[in-house]
Amino acid sequence: MSRQWMCGPCGMIYDESAGMPEHGIAPGTRFEDLPDDWECPDCGVGKADFYLLPE
Amino acid sequence: MTRYTAATDAPASLIERVRSIVDTQLAPLTGAIDQEGFYPRDVLHRLGEAGAFAAAVPHTHGGLELGLATQIGVISEIGRECGSTAFLAWCQSTCAHYLRHAMNAPVREQYLGAVARGELLAGTGMSNTVKHLAGIENIHLKARRDAQGYVVSGALPWVSNIGPDHLAVVAASVEDEGYVMFAVPCDAPGVTLRPCPEFSGMEGTQTLNIRMKDVRIAPDQVLAHPEQFADYIATIKPGFVLAQLGMGFGIIDGSLRTIRESNVATSHVNRFLDDQADDLAREAAALRANAERQAGLAERGAATQIDVLRLRLAASELTLRAAQSAILHAGAKGYLMRHPAQRRLREAVFVAIVTPALKHLRKEIHALEQADARAEAA
């Protein structure tokens with residue numbers, strides 16, 4: 001199931017189905033499988049500041 | 001222009017100098033600032049030369065020593081024309097405020113004069129820390145001790161009035177010790193500045209995403225070490241919050257001007273609107289009087305936190321009402337991008353969302369009221 005995660009500070013959405021090919025993240029990459037040191041491309045905060053959006 | 005003479009100045013002459021710069025140099029730029037993201041660097045330097053960031057700085061550091069209420073008045077005078085530049089003036093004067101009260105002399109001696117004079121432009125990246133301390137969000141900068149200093153990593157989503165040759169004043173958590181607040185040149189090794197996604201207003205504030213990777217902070221850059229931080233933040237917070245009132249007051253003044261100008265043509269229908277100019281002006285005057293009182297108390301270390309927060313909240317709410325009333329008075333023409341009413345509305349929303357945001361203020365006020373109630377019951 002594809003999920004969307006929102007950056008708390010800046011609102012950027014990470015959509016698992018889309019991934020972020022422009023940042024080297026393949027479509028279908030689960031949020032949990034992103035590197036631990038992955039940062040929001042828009043504002044630089046870490047994974048701990050992302051929230052799973054309800055469907 | 002002639003630089004101000006610190007020891008002989010008076011509030012009225014400072015305001016007059018600022019007004020002259022606003023009318024002749026800033027007013028022609030407001031469209032470019034708002035719609036093209038033009039950063040009014042030269043205007044900031046001229047304002048600095050005029051003493052616009054030094055109202056509350058002591059003579060010993062080249063300031064005017066006219067007090068926080070005068071600094072609020074200066075920011076209001078700028079905001080009467082441009083909320084974005086008023087915010088920059090707040091950033092700059094608030095960095096001077098931080099440095100003035102720094103717990104450690106070296107950082108104060110190094111930067112205060114240049115920041116107060118507007119020669120060194122500076123941004124305050126304290127939003128995240130202030131929200132963190134209010135239980136709103138995680139802290140984003142992390143530090144560890146290194147010899148006498150610190151090594152800092154993390155990112156702040158948006159910090160205004162920064163650039164490669166600017167100074168930033170920020171805070172980080174220090175493992176289990178608490179927090180350290182420090183100054184960092186924006187071109188220091190390990191500091192990266194990146195553009196933010198576009199904002200709907202205030203684009204001329206040079207607001208950037210600041211990232212730090214193992215940035216070394218020497219002891220002479222530290223405003224407050226962890227053991228000093230609690231006293232320090234309690235000292236600086238009232239001034240941080242109260243100076244923001246100037247942004248709101250300026251936007252209210254600009255909105256009142258729009259209302260009065262609109263009434264020249266359509267007062268016969270505008271009289272049916274809820275917030276009339278006289279009512280708004282009367283409420284604004286009451287807030288200004290309270291601001292003067294609270295500023296005086298804050299400078300004597302006697303301001304009550306809840307009173308400061310309630311005043312800031314009231315200013316946010318009135319700024320929103322005034323800006324909304326201005327565009328409703330203007331009608332369809334106020335919706336044109338060339339008309340100031342729509343810009344004022346976006347600026348007013350900024351006053352209500354910049355830290356401490358309206359919701360943040362209500363949360364902190366609620367917590368303080370609850371604590372008071374518990375203390376009374378005990």
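**Two interfaces in the predicted model**

A salt bridge joins Glu39(A) to Arg211(B), with the closest N and O atoms 3.4 Å apart. Everything here comes from a predicted model, and this pair is a handy place to start on how chain A meets chain B. The count of salt bridges between these two chains stops at one. Polar contacts add a bit to the picture: five residue pairs across the interface of chain A and chain B qualify, with both partners at pLDDT 80 or more. On the side of chain A that touches chain B, the residues split into seven nonpolar, one polar and three charged.

As for extent, eleven residues of chain A and ten residues of chain B take part in the contact. Put together, the two chains bury about 760 Å², and carbon and sulfur atoms account for 49% of that. On the chain A side, Pro9(A), Asp42(A) and Cys43(A) do much of the work, supplying 47% of the area that chain A buries against chain B, more than any other three residues.

Chain B also has an interface of its own. The domain assignment cuts this chain into domain 1 (6-123), domain 2 (124-228) and domain 3 (244-377). The C-alpha centres of domain 1 and domain 2 of chain B sit 22 Å from each other. Contact between them involves 30 residues of domain 1 and 28 residues of domain 2. About 2,200 Å² is buried between these two domains of chain B, with 57% of it on carbon and sulfur atoms. Within domain 1 of chain B, the residues losing the most area to domain 2 are Tyr39(B), Tyr98(B) and Gly123(B), which together make up 26% of what that side buries.

On the polar side of things, one salt bridge is counted between domain 1 and domain 2 of chain B. Arg41(B) pairs with Asp165(B) in a salt bridge whose closest N and O atoms lie 2.6 Å apart. The interface between domain 1 and domain 2 of chain B also holds 18 residue pairs in polar contact, again with both residues at pLDDT 80 or more. The elements that give two or more residues to the domain 1 side are helices H2 (30-36), H3 (41-50), H5 (83-100) and H6 (105-116), plus strand S1 (122-124), of chain B. H5(B) gives the most to that side, with ten residues. By type, the residues on the side of domain 1 of chain B that touches domain 2 come out as 21 nonpolar, seven polar and two charged.

How values were computed. Residues numbered from 1 in each chain as written. Chains lettered and ligands numbered in written order. Predicted model: local features only at pLDDT ≥ 70, side-chain atom pairs only at ≥ 80, totals over all residues. Heavy atoms only, no water. Domains from an automatic or database assignment. Contact = heavy atoms within 4.5 Å. Buried area = accessible area lost by both parts, 1.4 Å probe. Salt bridge = Lys/Arg side-chain N within 4 Å of Asp/Glu carboxyl O. Polar contact = N/O pair within 3.5 Å; in protein donor to acceptor, adjacent residues only side chain to side chain. Helix = DSSP H or I, 4+ residues; strand = E, 2+ residues; numbered from the N terminus. Nonpolar A, V, L, I, M, F, W, Y, C, P; charged D, E, K, R; others polar.
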